[in-house]
Amino acid sequence: MLFTDSIAALSSGHLPSGVAIVRISGPNVRFALEMISGLVPKPRQAHYGALRAGGGGLIDHGLTLFFPGPNSFTGEDCGEFQVHGGRAVVASLLAELGKLAGFRQADAGEFTKRAFLNGKMDLLEAEALADLINAETEAQRQFAVMNSSGAQSELYLGWRKRLIHARAMIEAEMDFADEADVPGSVSGEVWDDVRLLIEEINGHANSYSKAEMIRDGFDVVILGAPNAGKSSLLNALLQREAAIVTDEPGTTRDLVEAILDLNGLKVRITDTAGLREPAGKVEAIGIERAKERARGADLVLFLEDISAPGELNPPSDVPFIAIGTKLDRFPNAGQDDRYALMISSATGQGIDDLLEMISKRAGDAVGKRGDVLPSRLRHVELLNEAQDYLGSALQASDAMLELKAENLRLASDRIGKLSGAVDVEDLLDVIFSQFCIGK
């Protein structure tokens with residue numbers, strides 16, 4: 001796709017920094033390189049020299065690189081200026097680029113958008129690239145790398161090819177029913193595969209919750225009565241003072257959330273208000289928020305002070321671990337069957353065991369790493385639409401082959417939209433606006 005304008009942006013993150021990279025792309029890249037660095041470097045070879053403004057004033061000394069299209073990230077001519085990462089240096093360089101004819105500041109994700117529109121990657125690989133940039137844990141990195149290498153694209157492409165083949169067989173039967181080399185019945189050859197495809201798509205779409213856990217984190221909520229040791233446990237798990245701890249009941253009145261990295265998996269830990277009746281107006285709001293958050297959790301840590309046992313009443317339909325706290329006050333206490341574990345946040349006793357429990361629960365919930373999972377809600381929505389059309393194709397009368405073929409076409413289009421093989425112009429601005437500037 002031919003773009004008439006050229007774009008520029010800082011691509012290396014927050015300033016100040018040791019080095020800053022300013023990236024440019026478009027038809028005027030060679031002109032910009034000549035104007036600022038005095039020459040167009042040999043392709044993919046760094047040139048060190050003075051970078052100057054239009055009036056000859058020195059901006060900085062740095063490296064200049066040139067990547068001629070189509071063998072570049074965006075598929076068009078690209079360039080990079082690597083300069084010292086001072087705010088004034090970068091601002092001056094971007095200002096000079098903005099003065100050149102045909103140049104403007106890049107929009108969020110515009111470099112990647114151009115790469116997609118120029119056929120350098122498909123939409124799934126572009127989304128995976130965004131995931132890779134935002135990856136905080138090893139599991140997130142592995143997930144993004146697998147998808148950016150084309151694992152998702154390969155799966156969906158295979159499904160789409162099967163649908164195109166099925167549609168072709170049906171249309172061939174409609175058009176050439178009297179020909180000897182055209183199968184006389186597609187019911188066995190095509191529709192069995194369509195049924196199998198529905199099962200495959202359904203199982204894949206239902207695995208989205210695992211992808212959510214990898215990206216957003218395994219959600220752990222700490223519940224218990226006031227002074228059960230919830231905030232102390234949060235601090236012990238994080239090994240820092242994330243929540244206020246006092247002897248006064250009801251100190252925590254809102255949700256306090258923090259992040260753990262357990263064996264490469266992101267785990268969100270949320271401290272909540274103590275559960276008790278009656279409670280003041282503000283505290284009651286915190287208690288309701290705690291209960292609501294617990295209902296949507298992947299795991300609840302239900303805490304109880306072993307010196308004040310009561311009736312354990314964890315939320316229903318949510319996996320939980322019953323934990324006895326303040327074990328340091330009763331060092332000789334034996335194992336109590338009420339609890340899966342007894343801990344002391346003050347001494348650290350039992351904390352490693354609890355972390356291991358949480359890590360195992362998170363690992364079991366995510367499942368085997370390396371599985372291809374739908375990584376966006378839009379993927380699930382398109383997959384579900386494809387299933388609906390396939391179901392309609394199966395349910396249509398055998399006498400209505402045209403309707404069956406049309407439903408297969410619609411299902412194939414939904415699969416094609418996943419990678420951008422079918423028109424997705426209405427989605428592009430939404431998808432790429434989530435990228436950072438310079439990518």
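Buried means under 20% relative accessible area, exposed over 50%, and partly exposed in between, with a 1.4 Å probe and protein chains only. The model treated here is predicted: local features need pLDDT of at least 70, side-chain atom pairs count only at pLDDT 80 or more, and totals for chains, interfaces and linings use all residues. Residues are numbered from 1 along each chain as its sequence is written, and side-chain values use heavy atoms, with hydrogens and water left out.

**Exercise 1. Positive phi outside glycine**

Task: Is Asn-263 buried or exposed, and where does Asn-263 lie?

Solution.
Step 1. Asn-263 has a relative accessible area of 62%, so it is exposed.
Step 2. The residue lies in the loop between S8 and S9. Such labels denote DSSP runs, numbered from the N terminus: helices are H or I with at least four residues, strands are E with at least two.
Step 3. The phi of Asn-263 is positive, near 55 degrees, in a residue other than glycine.

Task: Which class of accessibility does Arg-44 fall into?

Solution.
Step 1. Arg-44 is found in the loop between helix H1 (29–37) and strand S3 (47–52).
Step 2. Although not a glycine, Arg-44 has a positive phi of about 60 degrees.
Step 3. Its relative accessibility is 48%, so Arg-44 counts as partly exposed.

**Exercise 2. The sheet that contains S8**

Task: Which strands stand at the edges of the sheet with the order S8-S9-S7-S10-S11-S12?

Solution.
Step 1. This open sheet has 6 strands, and the pairing is mixed. Two strands pair if DSSP finds at least two bridges between them.
Step 2. S8 and strand S12 (341–342) are the edge strands; each has a single partner strand, so one side of each is left without a neighbour in the sheet.
Step 3. At the S12 edge, strand S11 (residues 320–325) and S12 pair in the parallel sense over 2 bridges. Leu-341 in S12 is the bridge partner of Ile-323.
Step 4. Helix H8 (residues 208–216) packs on the sheet and touches strand S7 (218–224) and S9; contact means heavy atoms within 4.5 Å. The direction of H8 makes about 75 degrees with that of S9. Axes are lines fitted to C-alpha atoms, for helices over the stretch in contact, and angles run from 0 to 180 degrees between N-to-C directions.
Step 5. At the S8 edge, strand S8 (residues 256–262) and strand S9 (residues 265–271) pair in the antiparallel sense over 7 bridges. Ala-258 stands opposite Ile-269 in S9.
Step 6. S8 and S9 form a hairpin with 2 residues between them, and the turn includes Asn-263.

**Exercise 3. The sheet that contains S3**

Task: What is the strand order of the open sheet that includes S3, and how many bridges join S2 to S5?

Solution.
Step 1. The order is S3-S4-S5-S2-S1-S6, with 6 strands and mixed pairing.
Step 2. S3 and strand S6 (103–105) stand at the edges with a single partner strand each, so one side of each is left without a neighbour in the sheet.
Step 3. Direction ignored, neighbouring strands of this sheet are turned by 30 degrees against each other on average.
Step 4. S2 and S5 run antiparallel and are joined by 8 bridges. Val-83 in S5 is the bridge partner of Ala-20.
Step 5. Helix H3 (residues 110–117) packs on the sheet, touching S1, S2 and S6; its direction makes about 135 degrees with that of S1.
Step 6. S3 and S4 pair in the antiparallel sense over 6 bridges, and Thr-64 in S4 is the bridge partner of His-47. Their hairpin has 5 residues between the strands, and Gly-56 takes a positive phi near 100 degrees there.

**Exercise 4. Cis peptide bonds**

Task: Where are Pro-16 and Pro-70 placed?

Solution.
Step 1. Pro-16 is in the loop between strand S1 (6–10) and strand S2 (17–25). A cis peptide bond joins Leu-15 to Pro-16, with omega about -5 degrees.
Step 2. Pro-70 is in the loop between strand S4 (58–67) and strand S5 (78–85). A cis peptide bond joins Gly-69 to Pro-70, with omega about 5 degrees.
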